[in-house]
Amino acid sequence: MGLYCFGIDVGGTSVKCGLFLTDGTLIEKWEIPTRTENNGSEILPDVAKAIQDKIQERGIEKEKVDGVGIGIPGPVNDVGEVACAVNLYWGFKAVAKELSGLTGLPAKAGNDANVAALGETWKGAAAGAKNVVMVTLGTGVGGGIIVDGKIVSGHHGAGGEVGHANINHDETETCNCGNKGCLEQVASATGIVRVAKRELADCSDDSCLRSHKSLSAKAVLDAYKEGDGVAVRIMEKVGDELGGALAIFSAVIDPETIVVGGGVSKAGQPLIDCIKKYYSKYAFSLCKDTPIVIASLGNDAGIYGAARMVIKDA
């Protein structure tokens, strides 16, 4: 094992970079712009330059660097190739091979949500666990699956796409993925608003939610925590669908811990309690008591997980 490693998390507007000791200590983190012009051709060269500059700045010997891990917003197979990354304007790209060639260091690549799950498993809310399911509730629903301490990327790199599990066969609206009835259509921030608008249209009950000109998931969750009757029904619907989906994943993975992250998770324990209520209802008997916890690394989960991928004992 070397002494250092780098963790990189590529987003649509910025690239988060982290320099770590291989024991998991974050030495420094910084960001560079994500230059998507010319089909994103400068993204990896920019990352390589940021790494090389940091090595030179700190006087680090390359032989003491285990490598660089990188999380990408798109499906990544187990050899570090991405079929496409729409937000980066990439088609097929051999990310790990290209980054290794640019830096002269070993490199591994993974889907950003899967990598974040690995970060939470290593140094976050699920630290010490080997089998973890993570679901991230943001504008969409992402996730990651860790089995025996390793990312499950799958044959197409689509492992962990929990947001596109089909949980409602009667849904008539189309998800961004092209299917209908995805978990993302209910449990994401935009999904919660969809459920809320339907509930408000279907009932005449008084609710503080009716005063909002532009309804948001935060408004629904705040009203839920205050005991607003309509908001309670909305979140019971969300909890039922999400808890049921997590119960299915548990029947396949049997995780030690389920981690909930993303902006919606800022609602805290009331949200977790709502999910847990239905998860326990639907889960297989041996899995009913699986802890459901809120992610703890925030926006740093990706760089932690990316770094973990390249540590030689991983």
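**Cysteines, helix packing and burial**

Me: Why is there no bond between the sulfur of Cys 182 and that of Cys 177?

Reply: The sulfur of Cys 182 lies 3.6 Å from its closest cysteine sulfur, in Cys 177, whereas a disulfide is a pair of cysteine sulfur atoms within 2.5 Å; the two are therefore too far apart for a bond. Searching the whole structure gives zero disulfides. Cys 274 is likewise in no disulfide, the nearest cysteine sulfur, that of Cys 208, being 16 Å away. This is a predicted model, in which local features need pLDDT of at least 70 and side-chain atom pairs count only at pLDDT 80 or more, while totals for chains, interfaces and linings use all residues. Residues are numbered from 1 along each chain as its sequence is written, and side-chain values use heavy atoms, with hydrogens and water left out.

Me: What makes Cys 182 buried?

Reply: Its relative accessible area is 1%, and buried means under 20%, exposed over 50% and partly exposed in between (1.4 Å probe, protein chains only); Cys 182 is therefore buried. Cys 274, at 3%, also counts as buried.

Me: How do you know whether Gly 101 is buried or exposed?

Reply: Gly 101 has a relative accessible area of 63%, so it is exposed. This residue belongs to helix H3, helices (H or I, at least four residues) and strands (E, at least two) being DSSP runs numbered from the N terminus.

Me: Why is H2 called oblique to H3?

Reply: Helix H2 (residues 43-58) and helix H3 (residues 95-103) pack at about 45°, their axes 9 Å apart. Axes are lines fitted to C-alpha atoms, for helices over the stretch in contact, and angles run from 0 to 180 degrees between N-to-C directions. Angles under 35 degrees count as roughly parallel, over 145 as roughly antiparallel, 65 to 115 as roughly perpendicular and the rest as oblique; H2 is therefore oblique to H3.

Me: What makes H6 and H8 oblique to each other?

Reply: The axes of helix H6 (residues 189-202) and helix H8 (residues 229-253) come within 10 Å and cross at roughly 130°, so H6 and H8 are oblique to each other. The contact (heavy atoms within 4.5 Å) includes Ile 192 and Glu 199 of H6 and Arg 233 and Lys 237 of H8.

Me: Why is helix H10 called largely enclosed?

Reply: Of the ten residues of H10 (residues 301-310), nine are buried, so the helix is largely enclosed by the rest of the structure. Among the buried residues are Ile 303, Tyr 304 and Met 309.
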